[in-house]
Each structure stands twice: as structure tokens, then as C-alpha cells.
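Trainee: I would like a close look at one part of this model, the packing in its middle, with the details that go around it. Please take it in one connected answer and give the reasoning behind each label.

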Amino acid sequence: MAAGRAAAVLVLLPGVVRHPRLARLPARPAGQALLIGAGAALGLVLYLLAAQRQMLSVAVVLASLYPALPALLGLAVLHERVSRRQAAGLPAAALATVLLTAG
């Protein structure tokens with residue numbers, strides 16, 4: 001993990017040195033980027049823990065259900081409309097999650 005961060009810094013650093021004003025963000029987008037990055041890091045750590053402590057087949061299948069979360073957030077927060085196919089798929093994904101975690 002540290003090697004990946006070091007590689008990213010080495011790749012991005014020359015551009016930031018050449019054009020420092022491009023690296024500055026206004027406060028709101030910078031805060032949003034920080035929050036998104038922290039959420040992504042938390043997700044990766046939780047996936048790593050799940051892969052180490054559970055059967056890998058269960059962790060991978062549960063991780064593959066990630067498209068259901070934005071759909072649920074779209075329903076709850078943005079009040080988006082759902083097609084019949086999506087309406088059938090969301091409970092099926094929930095049922096699959098329950099069945100997989102129950103063993």
C-alpha cells in the first residue's frame with residue numbers, strides 16, 4: 001500500500017511543482033474530495049478485512065453488489081423513479097446478501 005502511495009506522489013509531484021496553482025482547490029470541492037477519498041479508503045480497508053476473515057467467495061460476491069447502494073441512495077435521497085426491473089432487482093440483491101451471509 002505504501003509503495004502505491006509513493007508511486008502516486010512521484011507521478012503527480014512534477015506536475016504540481018510546474019503548475020502549483022492547478023493543485024489548489026476551493027474549500028468546498030477540496031472537502032468533498034477529502035470525504036470521498038476517506039470513504040474509498042475505508043471501503044478498501046473493510047474489503048481487505050472481509051477477504052482475510054471470511055471465505056473469499058463470499059467477500060467477492062458481496063462486494064460485487066456495490067451498484068445496489070447508489071440505486072438505494074438515489075431512491076432515498078434524490079427520490080428517483082425506479083423501473084420494474086430495478087424494483088425486482090433490489091429486493092433480489094438484498095435477499096442474495098442475506099442468503100450469502102447466513103451461509
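Mentor: What follows takes the helix packing, then single positions, and then a patch on the surface.

The model is a predicted one, and every value below is computed from it. As a general matter, two packed helices are described by the angle between their axes and the distance between the axes.

Start with helix 3, which covers residues 56-63. Helix 3 packs with helix 2, residues 27-53, at an angle of about 150°, and the two axes lie 7 Å apart. Angles over 145 degrees count as roughly antiparallel, and helix 2 and helix 3 are therefore given that label. The crossing of this pair is right-handed.

Helix 3 also packs with helix 5, here at about 165° and with 10 Å between the axes. That makes helix 3 and helix 5 roughly antiparallel as well. In this case the crossing is left-handed. Helix 3 thus takes part in two packings, one with helix 2 and one with helix 5.

Leu65 sits in the loop between helix 3 and helix 4. Its relative accessible area is 25%. Buried would require a value under 20%, so Leu65 counts as partly exposed. The C-alpha atom of Leu65 is 7.0 Å from that of Ala93, although the two residues are 28 positions apart along the chain.

Helix 2 holds two further positions to look at. Pro29 belongs to this helix and, with a relative accessibility of 34%, is partly exposed. Between the C-alpha atoms of Pro29 and Val82 there are 30 Å, with 53 residues of sequence separation. Ala38 also lies in helix 2. Its relative accessible area is 46%, which again means partly exposed. From Ala38 to Arg21 the C-alpha distance is 24 Å, at a separation of 17 residues in sequence.

Next comes a backbone detail at His79. This residue is located in the loop between helix 4 (68-76) and helix 5 (84-102). Most residues other than glycine have a negative phi. His79 is not a glycine, yet its phi is positive, at about 55°. The relative accessible area of His79 is 63%. Exposed means over 50%, so His79 gets that label.

Last, the surface patch. Val9, Leu13, Val16 and Val17 form a nonpolar patch on the surface, and together they have about 340 Å² of accessible area. One of these residues, Leu13, is placed in helix 1, residues 2-18. At 45% relative accessibility, Leu13 is partly exposed. Membership in a patch requires over 30% relative accessible area, so being partly exposed at 45% does not keep Leu13 out of the patch.

Note on methods
Residues are numbered from 1 along each chain as its sequence is written. This is a predicted model: local features need pLDDT of at least 70, side-chain atom pairs count only at pLDDT 80 or more; totals for chains, interfaces and linings use all residues. Side-chain values use heavy atoms; hydrogens and water are left out. Patches are made of residues with over 30% relative accessible area and no salt bridge: like charges are joined within 9 Å, nonpolar side chains (Val, Leu, Ile, Met, Phe, Trp, Tyr) within 5 Å. Accessible areas come from the Shrake-Rupley method with a 1.4 Å probe; for residues, only the protein chains shown count as cover. A salt bridge is a side-chain nitrogen of Lys or Arg within 4 Å of a carboxyl oxygen of Asp or Glu. Helices (H or I, at least four residues) and strands (E, at least two) are DSSP runs, numbered from the N terminus. Buried means under 20% relative accessible area, exposed over 50%, partly exposed in between (1.4 Å probe, protein chains only). Axes are lines fitted to C-alpha atoms, for helices over the stretch in contact, and angles run from 0 to 180 degrees between N-to-C directions. Angles under 35 degrees count as roughly parallel, over 145 as roughly antiparallel, 65 to 115 as roughly perpendicular and the rest as oblique. A crossing is left-handed if the near helix is turned anticlockwise from the far one by less than a right angle, and right-handed if clockwise.
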